[in-house]
Amino acid sequence: MAFLCPMRRTSKGDITSLRLITAVKTPYLPDGRFDLEAYDYLINMQIEGGAEGVIVGGTTGEGHLMSWDEHIMLIGHTVNCFGTRIKVIGNTGSNSTGEAVHATEQGFAVGMHAALHINPYYGKTSTEGMIAHFKAVLPMGPTIIYNAPSRTGQDIPPLVIEVLSSHPNIAGVKECAGHERVKCYTDKGISVWSGNDDECHDSRWKYGATGVISVTSNLVPGLMHGLMHEGENATLNEKLLPLIKWLFCEPNPIPLDTALAQLGVARPVLRLPYKALPLEKRVEFVRIVDAIGREHFIGNREVRVLDDEDFVSICQ
């Protein structure tokens, strides 16, 4: 009897080799469903621009506004359509350990290559509780731990990462606590991706970061690829900083949602509680695109200043 050979499971090394990972945006139709045609275009643009991985349903992808059915469906869709061309990292973290375990089981069942896990937020826990939370999800597959104290209200201290770093499924850390924290981990041989686009160049080339998990690469994947792959380049970094600053003038993903609509690659549809940036910021974005060069941005339509009435807010 002949048996089919199972596909090789993704290893931790397959993940730690990734330099540019895009936290990809989730676009919507006016009825609130995912706009999968626009989503597929965004993923294709990431592949063409040189991104090696995507975070599906992360903060930028608005996973916190999705049902778990939507979330797992989008991970499965991404794997099915693009999983041989780019690594698919599903955000299956939760402040509930049981929920995180269940979602991570489902994510790996539909084929994701790795999981992204944040520490429990709002209902914060102790250091020992954090360690136990992460240990509960680690057995399922390669995992990136995500430290974003400004969002969770609680820092993941280095002790937690150091305790967990011996687990064979720990791929590394997405770190938003700055260069010194990055260096703390790289000095110990722990892989770390910068979670701050404005710091990622120096984190990569001066502090030893593996790469970046980026918001900006949604718009200019080719330039961000160069920033992570082509050596120290202060000129390119300075060129990108006005765009990066603009992308974080309001909480992410509000500016990105606005930008993708202005570029004509996603419908101007936002799930509440997000609302588009005000008119003056939309005008500023057009100036930034002109300064960097429209050819570096995704899409092939002229960048436009949309009117307030062009944007649609949905409560899904």
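## A walk around the barrel

Select S7 and S8 to begin: these two strands pair in the parallel sense over two bridges. Pick out Ser194 and you'll find its bridge partner in S8, Val212. Bear in mind as you click around that this is a predicted model.

Stay on S8, residues 211-214, and show its side chains. In general, side chains in a regular strand alternate between the two faces of the sheet. Here, Gly211 and Ile213 point one way, while Val212 and Ser214 point the other, and all are buried.

Next, go to the other neighbour of this strand. Add S1, residues 20-23: it runs parallel to S8, and three bridges join the two. Ile21 is a good residue to label, since you can follow it across to its bridge partner in S8, Ile213.

Now step back to S7, residues 192-194, and bring in S6, residues 170-175. This pair is parallel too, with three bridges. Look for Val173, which stands opposite Val192 in S7.

Time to zoom out and colour S1 to S8. What do the eight strands form? They make a closed barrel in the order S1-S2-S3-S4-S5-S6-S7-S8, with parallel pairing. From one strand to the next, the twist averages 25 degrees.

On to the helices. Select H3 (residues 68-82) along with H4 (residues 97-109). They pack at an angle of about 30 degrees, and their axes are 10 Å apart. Angles under 35 degrees count as roughly parallel, so that is how H3 and H4 lie relative to each other. Their crossing is right-handed. To see where they touch, show Trp68, Ile72 and Ile75 on the H3 side, then Glu99, Ala103, Gln106 and Gly107 on the H4 side. Sorted by class, that contact has four nonpolar, two polar and one charged residues.

Last stop: H12, residues 254-262. Is this helix mostly covered or mostly open? Mostly covered: nine of its nine residues are buried. Among them are Asp257, Thr258 and Gln262, alongside Ile254, Leu256 and Leu260. To find what does the covering, switch on H2 (36-49), H11 (234-247), S9 (269-271) and H13 (279-292), which are included in the cover over those buried residues. Then move on past the end of the helix to Gly264, which follows H12 and has a positive phi, near 80 degrees.

Technical notes:
Residues are numbered from 1 along each chain as its sequence is written. This is a predicted model: local features need pLDDT of at least 70, side-chain atom pairs count only at pLDDT 80 or more; totals for chains, interfaces and linings use all residues. Side-chain values use heavy atoms; hydrogens and water are left out. Buried means under 20% relative accessible area, exposed over 50%, partly exposed in between (1.4 Å probe, protein chains only). Helices (H or I, at least four residues) and strands (E, at least two) are DSSP runs, numbered from the N terminus. Contact means heavy atoms within 4.5 Å. Axes are lines fitted to C-alpha atoms, for helices over the stretch in contact, and angles run from 0 to 180 degrees between N-to-C directions. Angles under 35 degrees count as roughly parallel, over 145 as roughly antiparallel, 65 to 115 as roughly perpendicular and the rest as oblique. A crossing is left-handed if the near helix is turned anticlockwise from the far one by less than a right angle, and right-handed if clockwise. Ala, Val, Leu, Ile, Met, Phe, Trp, Tyr, Cys and Pro count as nonpolar, Asp, Glu, Lys and Arg as charged, and the others, Gly among them, as polar. Two strands pair if DSSP finds at least two bridges between them.
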